[in-house]
Amino acid sequence: MNALLFPKRLLLALSIVLATGVLPRAQATDTYKPQVGQPGKDVVWVPSPQALVDTMLDMAKVTPQDLVMDLGSGDGRTVITAAKRGVRAVGVEYNPDLVQLSRNAAAAEGVSDRATFVQADLFKTDLSQASVITMFLLPSINLQLRPTLLTLKPGTRVVSNTFHMEEWEPDETKTLGPVGCSNWCTAMLWIVPAKAQGTWRTPQGNLTITQSFQMISGTLGSTRITGKVTGDQISFTAAGSQYTGRVIGDSIQGSNWTASRIN
Ligand SMILES: C[S@@+](CC[C@H](N)C(=O)[O-])C[C@H]1O[C@@H](n2cnc3c(N)ncnc32)[C@H](O)[C@@H]1O
């Protein structure tokens, strides 16, 4: 055989196979077909139904200003769907074959510029740039991620297929009917709340807030309050009056009231 007549890439692939008995990855993934339920590092691969992927992105209200990160991105469907909506999206996937499969799929859909994939452990990945996190993992993994998710910028949306976050109740839940979705059909949305816990000085007296995830309670002067923090928006009622405002670091700006943090 004349080596000069042989395409260089093929020759290289052939020599790797002969030397190692292993197909180089780019060749292997051309025919790679993941099996539902196949083992993954911490979670097996099961794809989200496309209808639920669409619902998850709808619930997160993704826009082209967002950066979506799918943790454990599987065959890349959530990332590619987001990219087809004009949104930048990154898939984090431990299995290198799934990463290559996803890159090939993104290229085939013409969205490789917006849909990128990193081969990495989701627990060792910096999530701080994401404005939307999507995931289909397990309750135990969600719980391990929960402290990190709560440090993300207030207003970051987290959407999970099926699995909850224990005491951090979802801000919204949607379950699709049997038409178009038969398994894994519930999506839950959490909006990372600003940190409002503490004591604040207001013209109406001190506002003391105890915060449990997005729920708040406490006192304004001697009046009890209950309310909620959604992203950087705070709202509570005190003696039948409704207060709303925006938490900006150590101050709260309301339409007709302000507060500054004491501690
Ligand atoms: C249930 S699948 C979900 C796939 C995709 N997000 C979807 O909704 O179709 C979970 C994925 O997480 C990946 N995975 C498991 N442990 C991981 C880890 N520590 N870091 C990154 N990916 C991981 C698995 O390989 C699998 O592809």
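A pocket is defined here, on a 1 Å grid over the protein atoms alone, as an open set of points where a 1.4 Å probe fits, with protein on both sides within 12 Å along at least five of seven lines; its lining residues have an atom within 4 Å of a point. Grid points are joined across faces, edges and corners, and a volume is the space filled by probe spheres set on the points. The model is predicted, so local features need pLDDT of at least 70 and side-chain atom pairs count only at pLDDT 80 or more, while totals for chains, interfaces and linings use all residues. Residues are numbered from 1 along each chain as its sequence is written, and side-chain values use heavy atoms, with hydrogens and water left out.

The protein has 263 residues, and 44% of them count as buried (under 20% relative accessible area, 1.4 Å probe, protein chains only).

Turning to the pockets, the largest one has a volume of about 480 Å³. Its lining is made up of 34 residues, with Val43, Val44, Gly72, Phe136 and Leu137 nearest the centre. Helix H4 (77-84), strand E2 (88-93) and strand E4 (132-135) each give two or more residues to this lining. By class, 18 lining residues are nonpolar, nine polar and seven charged.

The second largest pocket has a volume of about 160 Å³. Among the residues that line this second pocket are Lys153, Lys195, Asp232, Arg246 and Arg261. Its lining has five charged, three nonpolar and one polar residue.

Terms used
Buried means under 20% relative accessible area, exposed over 50%, partly exposed in between (1.4 Å probe, protein chains only). Helices (H or I, at least four residues) and strands (E, at least two) are DSSP runs, numbered from the N terminus. Ala, Val, Leu, Ile, Met, Phe, Trp, Tyr, Cys and Pro count as nonpolar, Asp, Glu, Lys and Arg as charged, and the others, Gly among them, as polar.
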